[in-house]
Amino acid sequence: MKIAFVGKGGSGKTTLSSLFIRHLATTGAPVVAVDADINQHLGAALGLDEARAAALPAMGERLQLIKDWLRGSNPRIASAQTMIKTTPPGEGSRLLRVCENNPVYDACARPVELDGGTVRLMVTGPFTDSDLGVACYHSKTGAVELFLNHLVDGPGEYVVVDMTAGSDSFASGMFTRFDITFLVAEPTRKGVSVYRQYKEYARDFGVILKVVGNKVQSQDDLDFLRAEVGDDLLVTVGHSDWVRAMEKGRPPRFELLEDANHLALCRLRTAVDATYELRDWERYTRQMVHFHLKNARSWGNERTGTDLAAQIDPGFVLGERVTAPSEGDARLTPTA
Ligand SMILES: Nc1ncnc2c1ncn2[C@@H]1O[C@H](COP(=O)(O)OP(=O)(O)OP(=O)(O)O)[C@@H](O)[C@H]1O
Ligand SMILES: [Mg+2]
């Protein structure tokens, strides 16, 4: 299950991502945590000290390795140089799973021990000016998009991405890569305006968007969010002394998190799990092709000097089950 936390800067994306990751880990669920935010703080929020957080390998610096691995023997992708962030998998591509060892995890993921379980953490690496606001070849989130587009995740397995609600994710298609998107909003006009913008982009792509109210202190806060986002409001979280203690570098045991916040995390998970039956791998694959063509036309063809539309394998559908080989090859098909 692929989950994004998005929202305005400072709204609490990293905090809520990290709490949700901790919640999943205590239940023993396999989790890959991904820090794709402009401000790279997920490692710290998961309890890594500064030195360990700084030593995390940056996915953005390992794009060549990632591309070479994912490309596999796909004859439509001549080289890693012609593989852009939206290049979709096809026959011969290597797919990734949540629970496995592979060279991408070896190079880019590090284990983080939490109360009750260990998760894998991957980080894009710090953003530079050239990464921001452009549908650009070099963008750091491109590594995450490639990862998600080659991932075959099943129920009970979780990939949690802490992410910016920036124009890069809209241009590339990144925002369509999730089973559910949690938009973290404070009860303020700015918080809600990011929600409106996201909703507008998401409307035509079947993106499931739910609002998680954060730093909600009063009935008035709650009424404001209800009035502004209506039924999209899934749950609200108040000020947490547990979070504050963690920020002071003295994380209490996770079971000591406030009951109301534990309950909020359970509701997030229920919402995530409920999306499983709505999954549509064909649509998921179609959307990656759509955004690949868009990126190819707007900058990719020119940048790589090739016709990137030729990378699309028309018969390929990403999915969870490999059916019995037909015509000599095993093809992945959707379960639905
Ligand atoms: N529910 C909460 N209770 C207490 N403190 C909170 C809560 N939510 C967020 N905070 C605090 O608010 C600050 C901003 O939160 P956080 O870093 O999670 O936001 P963000 O959206 O990831 O920000 P950025 O855009 O900078 O990455 C942090 O100091 C965090 O500890
Ligand atoms: Mg953050």
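Which residues of helix 8 are buried? They are Gly-191, Val-192, Tyr-195 and Tyr-198, where buried stands for 20 or more other C-beta atoms within 10 Å of a residue's own, exposed for 12 or fewer, and C-beta atoms are placed from the backbone.

## Basis of the model

This is a predicted model, in which local features need pLDDT of at least 70 and side-chain atom pairs count only at pLDDT 80 or more, while totals for chains, interfaces and linings use all residues. Residues are numbered from 1 along each chain as its sequence is written, and chains are lettered from A and ligands numbered from 1 in the order in which they are written.

## Helix 8

Helix 8 covers residues 189-202, helices being DSSP runs of H or I with at least four residues and strands E runs of at least two, numbered from the N terminus. Seen down the helix 8 axis, the buried residues fall within an arc of 120° (taken from the directions from the axis to the C-beta atoms), so they line one face. On the other side, Arg-189, Lys-190, Arg-196 and Glu-200 are exposed.

## Nonpolar cores

The largest nonpolar core (buried Ala, Val, Leu, Ile, Met, Phe, Trp, Tyr and Cys residues joined through C-beta atoms within 7 Å) has 69 residues, of which Ile-3, Ala-33, Val-160 and Leu-183 touch the most other members. Helix 1 gives the most to this core, namely six residues.

A second, separate core has five residues, including Ile-77, Ile-84, Ala-296 and Leu-308.

## Surroundings of ligand 1

Helix 1 (13-26) and helix 10 (241-247) each supply at least two residues of the shell around ligand 1.

Conventions. The expected span of a helix is 1.5 Å times one less than its number of residues.
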